[in-house]
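Biologist: I'd like to learn how to read a fold like this one, going from strands to sheet to pocket. Can you walk me through it?

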Amino acid sequence: MRKSEPKRQISSAARGTYYRARSRRFLEGEGYAVADLEKMFRVFDRAKPERVLWTKRDQLGADLLAVNAREVLFVQVRGGRTARSKVAAALREFARWPCPRRARQWVMVWVPRAREPQIVDVAEERRFRAIPVLQIGVSREPPALKPATR
């Protein structure tokens, strides 16, 4: 691209495809076999029956499925300047789907110009959020149980 040409805007679909491919390469480098969980659906326009629209939907709330000899990962990929603000939406999406005990759900966050992603383990995030916020003057210790009397 020449300096005189205007900068082209990258579409959201292209940006998502870029970060998904980058996550795939990262996971394959870590020894995982990776499969894409995105499915294409046809949607027919009622106003114009000859017009067909295509839409993508994630299966089981994940973009990628990564498997190695020890574990199974469901991975949701977020990337770009606003990636951190989209983590909560990914956590809500994962909460809608069951996850076996031996499997893990990850949200991979790619911030611009980062060499490695920030990984949010959904199970760890749920455990962290389950801890009540400490208040001044309130103890975290449970109340002491009184011994049973006969």
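Biologist: Let's start small: how many residues does the hairpin that joins β4 to β5 run through?

Modeller: Keep in mind that this is a predicted model. The hairpin between β4 and β5 goes through 4 residues. The two strands pair in the antiparallel sense, over 4 bridges, and Ala66 stands opposite Leu73 in β5.

Biologist: And which strand pairs with β4 in the antiparallel sense besides that, over 4 bridges?

Modeller: That's β1, residues 33-36. Look for Ala35 there: its bridge partner in β4 is Leu65.

Biologist: How do I read the two faces of a strand?

Modeller: The general idea is that side chains in a regular strand alternate between the two faces of the sheet. Now take β4, residues 64-67: Leu64 and Ala66 make up the covered face, while Leu65 and Val67 are on the uncovered one.

Biologist: Zooming out, in what order do the 5 strands of the open sheet come?

Modeller: Read across it as β1-β4-β5-β6-β7, with mixed pairing. The strands at the edges are β1 and β7 (118-121); each has a single partner strand, so one side of each has no neighbour in the sheet. From one strand to the next, the twist averages 30°.

Biologist: What is the pairing between β6 and β7?

Modeller: Antiparallel again, with 4 bridges linking β6 (residues 103-110) to β7. You can find your place there with Val109, which stands opposite Gln118 in β7.

Biologist: Then where do the helices go?

Modeller: α1 lies across β1, β4, β5, β6 and β7, and runs at about 125° to β6. Helix α2, residues 87-95, also packs on the sheet: α2 touches β5, β6 and β7, and its direction makes about 160° with that of β6.

Biologist: Last topic, pockets. How do I look for one?

Modeller: You roll a probe the size of a water molecule over the atoms, and that shows where empty space is left. Here the largest pocket has a volume of about 740 Å³. It is lined by 24 residues, and the closest to its centre are Ser12, Arg15, Gly16, Gly79 and Lys86. The elements that give two or more residues to this lining are α1 (12-29), β3 (52-58) and β5 (72-79).

Biologist: Which element gives the most to that lining?

Modeller: α1 does, with 7 residues.

Biologist: How does the lining divide into nonpolar, polar and charged residues?

Modeller: You get 11 charged, 9 polar and 4 nonpolar residues around the largest pocket.

Conventions. Residues numbered from 1 in each chain as written. Predicted model: local features only at pLDDT ≥ 70, side-chain atom pairs only at ≥ 80, totals over all residues. Heavy atoms only, no water. 1 Å grid on protein atoms, 1.4 Å probe; cavity = no way out; pocket = protein on both sides within 12 Å on 5 of 7 lines; lining within 4 Å. Points joined across faces, edges and corners; volume = space filled by probe spheres on them. Nonpolar A, V, L, I, M, F, W, Y, C, P; charged D, E, K, R; others polar. Buried < 20%, exposed > 50% of the residue type's maximum accessible area, 1.4 Å probe, protein only. Pairing = 2+ DSSP bridges. Axes fitted to C-alpha atoms, helices over the stretch in contact; angles between N-to-C directions. Contact = heavy atoms within 4.5 Å.
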